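Let's take a walk through this one together, one binding site at a time. Have the viewer open and follow along.

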Amino acid sequence: MSAVVDECVFCRIIGGQIPAEFVLKEAEFVAFPDINPKARVHLLVMPTAHIRSLNDIDSQDAGFGQRMLSFVARAAAVSGVSESGYRVISNNGPDGGQEVDHLHLHVLGGTLLGDLV
Ligand code: 5GP
Ligand code: ZN
């Protein structure tokens, strides 16, 4: 884990230098809409700390994943897709198609999503 990284677009959004409409914003995690939505609801959920990918989660922090997924569920509720359903995707590294090297989960819903997996 590390502090804010100046050249990271998500750190700049979290820091308020780039505008975004936060659906949910807490000390440890934030959720805001993807600029290029792939579904009616398409949120990005991420830690406020600059963690590059799932590979870089602090292995000593056993509760991190639970807290992040709990935050996803609350962001989904705020966006009104808890009951209709949603999909959570995390792209990691080059083969995973990760474009922004700040760990994030895509939360897609609000429409019937096609089969992916
Ligand atoms: P990745 O491919 O890394 O999993 O996804 C990065 C996502 O970040 C893409 O879906 C892209 O549309 C989104 N994104 C990139 N720049 C911005 C931005 O400045 N604002 C917002 N809201 N989303 C962004
Ligand atoms: Zn960052």
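Ligand 1 occupies the largest pocket, and since this is a predicted model, everything below is read from predicted coordinates. Zoom in on that pocket and look at who surrounds the ligand. There are 16 residues around ligand 1, and Asp34, Asn91, Glu99, His104 and His106 come nearest.

Now for the polar contacts. Two of them go to the protein backbone: a polar backbone atom of Glu99 lies 2.6 Å from an oxygen atom of ligand 1, and a polar backbone atom of Ile35 lies 3.2 Å from a nitrogen atom of the ligand. His106 uses its side chain instead, with an N or O atom 2.8 Å from an oxygen atom of ligand 1. How much of the ligand does the protein bury? On its own, ligand 1 would expose 520 Å², and the protein buries 85% of that.

Next, swing over to the zinc ion, which is ligand 2. Which atoms hold it? The zinc ion is coordinated by the SG atoms of Cys8 and Cys11 and the ND1 atoms of His50 and His102, at 2.0 to 2.3 Å. The angles among these four donor atoms run from 106 to 117°, and the site is tetrahedral. Trace the donors along the chain and you'll find the spacing C-x2-C-x38-H-x51-H.

Finally, check the two cysteines: are they buried or exposed? Cys8 has a relative accessible area of 6%, so it counts as buried. Cys11 is buried too, because its relative accessibility is 2%, and the cut-off for buried is under 20%.

Key:
Residues are numbered from 1 along each chain as its sequence is written. Chains are lettered from A and ligands numbered from 1 in the order in which they are written. This is a predicted model: local features need pLDDT of at least 70, side-chain atom pairs count only at pLDDT 80 or more; totals for chains, interfaces and linings use all residues. Side-chain values use heavy atoms; hydrogens and water are left out. Donors are N, O and S atoms within 2.8 Å of the metal (3.2 Å for Na, K and Ca); water is not among the atoms, so sites may look incomplete. Four donors count as tetrahedral if all angles lie between 85 and 135 degrees; four count as square planar and six as octahedral if opposite donors are over 155 degrees apart and all others between 65 and 115; anything else is irregular. Buried means under 20% relative accessible area, exposed over 50%, partly exposed in between (1.4 Å probe, protein chains only). A residue is near a molecule or strand if one of its heavy atoms lies within 4 Å of it. A polar contact is a pair of N or O atoms within 3.5 Å; within protein, one must be able to donate a hydrogen and the other to accept it, and residues adjacent in sequence count only if both atoms are side-chain atoms. Accessible areas come from the Shrake-Rupley method with a 1.4 Å probe; for residues, only the protein chains shown count as cover. On a 1 Å grid over the protein atoms alone, a cavity is a set of points where a 1.4 Å probe fits but cannot get out, and a pocket is an open set with protein on both sides within 12 Å along at least five of seven lines; lining residues have an atom within 4 Å of a point. A molecule sits in a cavity or pocket if more than half of its atoms lie within 2 Å of its grid points.
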